[in-house]
Each structure stands twice: as structure tokens, then as C-alpha cells.
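Reader: I am in my first year and still learning how to read a protein model. Could you take me slowly through one part of this one, and show me how its surroundings fit together?

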Amino acid sequence: MPRSTANTYIFGYGSICDITTLRTSEHITRPLKRTVIPAILDNHKVVLNKRSYTGNNAYANIMPCKDKCVYGIIVPLCRQEVKRLDKREGTPIHYERVLVTVRTRRGEMDVYTYIARPDQIALDGRNISHAYYNNLSRGLQFMQSLDRHGTFYRDPGYFQQHEKYYYATKTALC
């Protein structure tokens, strides 16, 4: 049976933006840097409220928020890669893969993203692990590298604000 080469487009806003870890953990052998697309999801914000699998830490999630936006990347994946990513994200138990509309340099695009299921949201201000903090930081750095001239991600403070937010929730003992 031939492998499908049809792409599914995934909007990543957290650890998915760390393409080095994404390639390693999902066994993606092709270079991703040349195929990802910078994107913005309007009227949402990033929150660290998704309960980890162990329940001790938090992961990134997005939620509706008028007049805010989430910077991220669109990653084109084949069917097998999406299945592996769904497994990594804990779909459908921890996250749901949902269709959203994002802005790109070429206009709007309908893509999938992962949103925490309501029963997986922690309301008690959990921290993130050092390892997850490192994933998020590398993801922010990668997004900045895609827009070196600041022509797409127009708010330079976004990256510093999120770096501080991630750092403030980092667990000292993980």
C-alpha cells in the first residue's frame, strides 16, 4: 500500500514550535525549517493550564481571548506523522485536535491545532518542568528566527512576555 503524501496542517503554539524535539520525538526525517509557515491565531491567548499526564505540572493550552493573539507555526505533516503527533499530544484524552483559522503572510488558512479538553484543565496554577520550559524557549527562539526582520510577528514584546511567563512558572525541582 503506498504511503500518503497528502499534508495535514497543524498550528503549533507551544512545544510543537521546538522543531528539533518535534523531529526527534515524531521520527520526522525531512527538514522542517523550510516547510513551516509563521502564523497567528487571533482572539486567543496561551495559558499554561493543561494538566500534565502525571498531574504534577502544566502544559501549554490556548483559550479564546478577545483582542489577543497567539503566535505560532504551521507544520505540514503526512497522515502517519499526524497519528504519531496525536499520540504524543494524548489525543483524544488530553487534547482535542480542532480546526481553526489562522493568518499567514499569504492570507487566512484553515488548520488543525490542539486544545486541552475541559476535564484536563488545571485551575490551581501548576508549574512547568525544566524540560518543558526548554522546549517552549527553543520554540520561541525558532519563531523569532523565522521573522528576523519583524515583518510578520509585529509585536516584538510578545516573545519576551511569553519567555517571562514560561520562566515564572518553571518548577525548581524538575
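**The largest pocket and its surroundings**

Author: Asp86 is a good place to begin: in this predicted model, Asp86 has a relative accessible area of 12% and is therefore buried, since buried means under 20%. Its partner is Arg97, with which Asp86 forms a salt bridge whose closest N and O atoms are 2.7 Å apart. Because Asp86 lies in helix 2 and Arg97 in strand 4, the pair ties together parts that are 11 residues apart in sequence. Arg97, for its part, is partly exposed, with a relative accessible area of 30%.

Helix 2 covers residues 79–89, and another salt bridge joins the side chains of Glu89 and Arg88, at 3.3 Å from N to O. Glu89 is buried, with a relative accessible area of 9%, while Arg88 counts as partly exposed at 21%. These two residues also bring us to the largest pocket, which holds about 290 Å³ of space. Of the 19 residues that line this pocket, the closest to its centre are Ser15, Tyr59, Arg88, Glu89 and Tyr132.

Several elements share in building that lining: strand 1 (8–12), strand 3, helix 2, strand 5 (107–116) and helix 3 (130–146) each supply at least two residues. The largest share, 3 residues, comes from helix 3. By class, the lining of the largest pocket is made up of 10 nonpolar, 7 polar and 2 charged residues.

Helix 3 deserves a closer look of its own. At 1.5 Å a residue, its 17 residues should span 24 Å, and the C-alpha atoms at its ends are 25 Å apart, which agrees. Among the buried residues of helix 3 are Tyr132, Leu136, Leu140 and Met143.

Met143 leads on to strand 3, since Met143 is one of the residues that Gly72 touches. Gly72 is found in strand 3, which runs over residues 58–77, and at 0% relative accessibility Gly72 counts as buried. Other contacts of Gly72 include Phe11, Gly12, Ile37 and Tyr153. With Phe11, the separation is 61 residues in sequence, yet the two C-alpha atoms are 6.5 Å apart in space.

Strand 3 also takes part in the second largest pocket, where strand 3, strand 2 (37–51) and helix 4 (157–168) each supply at least two residues of the lining. This pocket has a volume of about 240 Å³, and its lining comprises 5 nonpolar, 3 polar and 4 charged residues. One of the lining residues is Asp67, which lies in strand 3 and has a positive phi of about 70° although it is not a glycine. Asp67 is exposed, with a relative accessible area of 66%. Asn43, found in strand 2, likewise has a positive phi, of about 60°, without being a glycine, and at 40% relative accessibility Asn43 counts as partly exposed.

To finish, we can return to the end of helix 2. In the loop between helix 2 and strand 4 (95–104) lies Pro92, and the peptide bond from Thr91 to Pro92 is cis, with omega near 10°.

Note on methods:
Residues numbered from 1 in each chain as written. Predicted model: local features only at pLDDT ≥ 70, side-chain atom pairs only at ≥ 80, totals over all residues. Heavy atoms only, no water. Helix = DSSP H or I, 4+ residues; strand = E, 2+ residues; numbered from the N terminus. Buried < 20%, exposed > 50% of the residue type's maximum accessible area, 1.4 Å probe, protein only. Contact = heavy atoms within 4.5 Å. 1 Å grid on protein atoms, 1.4 Å probe; cavity = no way out; pocket = protein on both sides within 12 Å on 5 of 7 lines; lining within 4 Å. Points joined across faces, edges and corners; volume = space filled by probe spheres on them. Nonpolar A, V, L, I, M, F, W, Y, C, P; charged D, E, K, R; others polar. Expected span 1.5 Å × (residues − 1). Salt bridge = Lys/Arg side-chain N within 4 Å of Asp/Glu carboxyl O. Lists of a residue's contacts leave out its neighbours within four places in sequence.
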